[in-house]
Amino acid sequence: MSVLESLAHRATWTTQSWSALGTTAVLCVSGDATAARRAVQRELDAIDRAASRFRPDSELERLNRTTGCWTRVSPLLLEAVELGIRAAVMSGGAVDPTLGQSLIDVGYDRDWDTLRQVDADAGLATARGIVVIRRRRTLWREIETRADPPQVRLPAGVRLDLGATAKALAADRSARAARGAGGPGALVALGGDVSTEGPSPAGGWKVHVTDDHRAGTNAPGQTVSVTSGGLATSSIVVRRWLHHGRPMHHILDPRDGQPVRSCWRTVSVAAASCADANIAATAAIVLGEDALRWLAEQSLPARLVRLDGTVEVTAGWPR
């Protein structure tokens, strides 16, 4: 994932970090940091209430309990659901929002901190043996939405999981809110999801892309400069846990609902928004070798790291 280099030494920029949404939130702003942080926290609280799979009182869980019929939702959850559908359309189904039950089946049924976590490298050594083929329908095509009033109808028996897109959506919304409250320039990072708004520091935002956002800037990876838009990193070597003695990770193959067996360990993508970058990074993990062609066709700069550490880049990502 991505690690934001400290900008606290810059006289006109303030950097703050705190725990949120099961990860680390980082805010950099050139104006009123106190107002900007309050605005960001309001956005994070709202997305948690709307789209969390681990809160029984969330809107998403209420929607998951009312499949097969129209359910009134907030504009925010409607936006999140429609982004999940858009992700599936953009990726040809590689990023699928209807994998909620599959994630439960592989043991991701509670907050990350309560899972039995496993060492990343140990998990990689045995991950290729965990897939049980079970073909699935493309149920995301059957999700229906209405705008006025905002409503969603899920196919009967479907459980949505918006984890592949909701955090990136929160980063984009939070960066806009931070700029509006604290301005004129702002960056918000939620783990590996980075979104920027307004003017950047001289030379751009310095972001270190690596497997795990919790690692320091000395971790293997690359430091790049971002002047606008979003940057997202997806990886199969973090967020690993044991389920019935087998190592699992959180990026599933929609064809069988099991952790994907990818040739890539980590993918970073830059795009006009964090949401688009995150969709592309996750899709690339699922697409495997086809990701290079797909990313080039989308003109998306990307850095892809193979299981052996070999690096490939596309569409002008700096070597």
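**Entry 1: helix 3**

What span should the 16 residues of helix 3 (residues 75-90) have at 1.5 Å a residue, and how far apart are its end C-alpha atoms? I worked with a predicted model. The expected span of helix 3 is 22 Å, and its end C-alpha atoms lie 22 Å apart, which agrees.

I next looked up which residues of helix 3 are buried. They are L76, L77, L78, A80, V81, L83, G84, I85, A87 and A88. I then asked against which elements these buried residues pack. I noted helix 1 (33-51), helix 2, strand 5 (144-147), strand 6 (150-153), helix 6 and helix 7 (274-287) as their partners.

I also looked at what follows helix 3. There I found G92, with a positive phi near 65°.

**Entry 2: salt bridges in the whole structure**

How many salt bridges does a search of the whole structure find? I recorded 16. As background, I noted that side chains of opposite charge can pair when their charged atoms come close. One network of salt bridges links E43, E79 and R173.

**Entry 3: R62 and E59**

I looked up the salt bridge between the side chains of R62 and E59, and its N to O distance is 3.8 Å. How are R62 and E59 placed in helix 2 (residues 59-64)? They are three residues apart in that helix, so about one helical turn separates them.

I then checked the accessibility of each partner. R62 is partly exposed, at 35% relative accessibility. E59 has a relative accessible area of 16%; because buried means under 20%, E59 counts as buried.

**Entry 4: R153 and E144**

I found a salt bridge between R153 and E144, with the closest N and O atoms 2.8 Å apart. R153 is partly exposed at 27% relative accessibility, and E144 is partly exposed with a relative accessible area of 33%.

**Entry 5: R179 and E197**

The closest N and O atoms of the salt bridge between R179 and E197 are 4.0 Å apart. Which elements hold R179 and E197? I located R179 in helix 6 (residues 166-181) and E197 in strand 8 (residues 193-197), so this pair ties together parts that are 18 residues apart in sequence.

Are these partners buried or partly exposed? R179 is partly exposed, with a relative accessible area of 38%. E197, at 22% relative accessibility, also counts as partly exposed, because the buried class covers values under 20%.

Definitions and conventions
Residues are numbered from 1 along each chain as its sequence is written. This is a predicted model: local features need pLDDT of at least 70, side-chain atom pairs count only at pLDDT 80 or more; totals for chains, interfaces and linings use all residues. Side-chain values use heavy atoms; hydrogens and water are left out. Helices (H or I, at least four residues) and strands (E, at least two) are DSSP runs, numbered from the N terminus. Buried means under 20% relative accessible area, exposed over 50%, partly exposed in between (1.4 Å probe, protein chains only). The expected span of a helix is 1.5 Å times one less than its number of residues. Contact means heavy atoms within 4.5 Å.
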